[in-house]
Amino acid sequence: MKIECIKDKFSEAVGKVEKIAGRNPTLPVLSGIYFKASKKGLLIKSTNLDLGITLTLPVKVVEEGEVIVPAQVLHSFLSSLPPDKNITLSHNGNTLEVKTSFAKTTIKTLPLDEFPQIVEIPDDLVFTLPARDLATGLKAVAYAASPGSMKPELGSILVSYNEGELVFAATDSFRLGEKRLKIKKIPHFKQLLIPQKNALEIIRLFDRESEEISLSVGEHQVAFRKEGFYLVSRIIEGTFPDYKQIIPKDFTGRAIILKEDLLSALKTNLVFADSFNQLTINLSPSKKIFEIDSKNTNVGENISKVEAALEGEDVSINVNHRYLTDCFQAISADSISLSFNGPAKPIVVEGVGDKSFKYLVMPMNRS
């Protein structure tokens, strides 16, 4: 195999597939990137058996062939090079020679016959949506999943359809995130459970894309396609918790706060939080007081008063600092609404004027 191509385009493609390559000591070939040069261009693949990706890159093919190269080595080498226009890759025996204007290097290759097949899902039935919408929905809730859970559904992101909206939800049983996006087309699936680790890679790949992608579903996988790009992910077989029944419909108290003010107070209180990241929220509409209190016997104590619009009954509730703040990246509104329903009930967090995102965080037991 021998090819010539634009260095930046090649480096970008390698960067996309390198993170998906596996780290499996029993199957070392998973740590590699597969290249195949033909009249159609350069086919690039990587997989960790849970997630697989295939890209097609236009290149000048001098000699057809195929090779597998350690992903991390190639990516690190390309990342270290100064800007250049062209790059040449030549496969000879068990090495790949890479040449630019600034460098000439050889990289040992991996055995070709051990690289696994990437599942190809038929595209006869597809659902299309903007790639960025998919990334936005997953990103809004992915942090709320529990990757280490014994229940795979709690380590997954639910993607479902409901009355003209694509619904994304995730929960680890301590908090819950739900994001709704309006769509014009009705998908051909009822629901998907995408493992959190795979969802994070999908976000990375699609977060800045403006194109539409097509989504097709197989028996145990879901595939995402656009021109020259194919990504397939395992989906979880299971039942996602019926979380709608735990979302409160009425509240006894509410605080509306500027997002930046709340973040500033929470940042200060983190300095004094204990090993469980516990903080106490005190809401007292009758006294016009909203306070956040944190205490650490080894450090000290802090009470932050935050200006807020308050209504309802007084309440004091303990929550995990990280669980409360994780959701703020999904809220674009300038003001945040915190709704309460007593000290033993979840806090509901929403952006003021934005009903597309809802987040619940459960209280901590008082210590």
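**Exercise 1. Locate G137 and describe its surroundings.**

Solution. Start with the secondary structure: G137 belongs to helix 3, which covers residues 131-141, where helices (H or I, at least four residues) and strands (E, at least two) are DSSP runs numbered from the N terminus. The structure is a predicted model, in which local features need pLDDT of at least 70 and side-chain atom pairs count only at pLDDT 80 or more, while totals for chains, interfaces and linings use all residues. Residues are numbered from 1 along each chain as its sequence is written, and side-chain values use heavy atoms, with hydrogens and water left out.

Next, take the accessibility: G137 has a relative accessible area of 0% and is therefore buried, a word that stands for under 20% relative accessible area, with exposed meaning over 50% and partly exposed lying in between (1.4 Å probe, protein chains only). Then look for contacts, meaning heavy atoms within 4.5 Å: leaving aside neighbours within four places in sequence, G137 is in contact with F168, K179 and L181. Finally, compare sequence with space: G137 and K179 are 42 residues apart in sequence, and their C-alpha atoms are 6.0 Å apart.

**Exercise 2. Work out the order of the nine strands in the open sheet, and find which strands stand at its edges.**

Solution. Begin with the order, which is 14-11-12-13-26-25-24-18-22, with antiparallel pairing; two strands count as paired if DSSP finds at least two bridges between them. Strands of a sheet pair through backbone hydrogen bonds, either parallel or antiparallel. At the edges stand strand 14 and strand 22 (309-312), each with a single partner strand, so one side of each has no neighbour in the sheet. Neighbouring strands of this sheet are turned against each other by 20 degrees on average, direction ignored.

Now look at one pairing: strand 13 and strand 26 (residues 354-361) are joined in the antiparallel sense over five bridges, and L176 stands opposite L360 in strand 26. Helix 3 packs on this sheet, touching strand 11 (156-162), strand 12 (165-171), strand 13 and strand 26, and its direction makes about 160 degrees with that of strand 13. Such angles run from 0 to 180 degrees between N-to-C directions, the axes being lines fitted to C-alpha atoms, for helices over the stretch in contact. Helix 4, for its part, lies across strand 11 and strand 14, running at about 90 degrees to strand 14.

**Exercise 3. Explain why strand 4 is described as largely enclosed, and identify its partners.**

Solution. Six of the seven residues of strand 4 (residues 51-57) are buried, so the strand is largely enclosed by the rest of the structure. One partner is strand 3 (residues 41-47), which pairs with strand 4 in the antiparallel sense over six bridges, and here S46 stands opposite I53. The hairpin of strand 3 and strand 4 has three residues between the strands, and in this hairpin L49 takes a positive phi near 80 degrees. Another partner is strand 17 (residues 229-234), which runs antiparallel to strand 4 and is joined to it by five bridges; the bridge partner of L55 in strand 17 is F229.

**Exercise 4. Count the aromatic pairs and classify the pair of F127 and F189.**

Solution. A search of the whole structure gives nine aromatic pairs, where rings of Phe, Tyr and Trp (its six-membered ring) pair if their centres lie within 6.5 Å, and planes under 30 degrees apart count as stacked, over 60 as edge-to-face and the rest as tilted. The ring centres of F127 and F189 are 6.1 Å apart and their planes stand at 80 degrees, so this pair is edge-to-face. The pair links distant parts of the chain, 62 residues apart, with F127 in strand 10 (residues 127-130) and F189 in the loop between strand 13 (175-182) and strand 14 (191-195). F127 is buried at 3% relative accessibility, and F189 is buried at 8%.

**Exercise 5. State how many disulfides a search of the whole structure finds, and describe C5 and C327.**

Solution. The search finds zero disulfides, a disulfide being a pair of cysteine sulfur atoms within 2.5 Å. C5 is buried with a relative accessible area of 8%, and C327 is buried at 0%.
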